[in-house]
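Open your viewer and get ready to click along. Each stop on this tour tells you what to select and what you will find there.

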Amino acid sequence: MDVTIVSGACIGSGQCTLLAPRVFTRRDDGTADVTMASPPKRQERRAAKAAEHCPERAITII
């Protein structure tokens, strides 16, 4: 699994950091950043759920 955030698409809703706090973090401006681009198996489901709940669909998972 490869997790990324589409540059400029994040509006800072914070859903990803709530659902997968080990995979995502918030920057000073409130937008999200990926802390684990290749999360371990135990975090994959959380990352997928975060992508599903992102209101801007800014998270991509390959």
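Start by selecting Ala47, then show what surrounds it: setting aside residues up to four places away in sequence, Ala47 touches Met1, Val3, Ala20, Val23, Phe24 and Ile61. Keep in mind that this is a predicted model. Ala47 sits in helix 2. Is Ala47 buried or exposed? Its relative accessibility is 0%, so Ala47 counts as buried. For a contrast in space, add Asp28 to your selection: 19 residues separate it from Ala47 in sequence, and their C-alpha atoms are 21 Å apart.

Stay in helix 2 and move to Ala50. Leaving out neighbours within four places in sequence, Ala50 is in contact with Cys16, Leu19, Ala20, Phe24 and Ile59.

Next, select Val3, Cys16, Ala20, Val23, Phe24, Ala50 and Ile59 together. These belong to the largest nonpolar core, which has 13 residues, and they touch the most other members. Which element gives the most to this core? Helix 2, residues 41-53, does, with three residues. In soluble globular proteins, nonpolar side chains tend to be buried together.

Now jump to Ala32. You will find Ala32 in strand 3, which covers residues 32-34. With 8% relative accessibility, Ala32 is under the 20% cut-off, so it counts as buried. Apart from residues up to four places away in sequence, Ala32 touches Ile5, Cys10, Cys16, Thr25 and Arg27. Add Ile59 and draw a line from C-alpha to C-alpha: Ala32 and Ile59 are 9.5 Å apart in space and 27 residues apart in sequence.

Time to zoom out and colour by secondary structure. The protein has two helices and four strands, and from the N terminus they follow the order β-α-β-β-α-β. The radius of gyration is 10 Å, close to the 11 Å that the globule rule gives for 62 residues, so the protein is as compact as a globular protein of that length. Turn the C-alpha trace around and you can follow its spans of about 30 × 20 × 15 Å along the principal axes.

How many of the contacts between residues at least 6 apart in sequence join residues at least 24 apart? The share is 57%.

Finally, switch on the surface. The protein exposes about 4,000 Å², with carbon and sulfur atoms supplying 48% of that area. Buried residues, meanwhile, make up 34% of the 62 residues. For a last stop, colour the charges: there are 9 positive and 7 negative side chains, and the centres of the two sets lie 10 Å apart.

How values were computed
Residues numbered from 1 in each chain as written. Predicted model: local features only at pLDDT ≥ 70, side-chain atom pairs only at ≥ 80, totals over all residues. Heavy atoms only, no water. Rg over C-alpha atoms; globule rule 2.2 N^0.38 Å. Buried < 20%, exposed > 50% of the residue type's maximum accessible area, 1.4 Å probe, protein only. Contact = heavy atoms within 4.5 Å. Areas by Shrake-Rupley, 256 points an atom, 1.4 Å probe, with all protein chains shown as cover. Lys, Arg positive; Asp, Glu negative; His and termini not counted. Charge placed at Lys NZ, Arg CZ, Asp CG, Glu CD. Core = buried A, V, L, I, M, F, W, Y, C linked by side-chain atoms within 4.5 Å.
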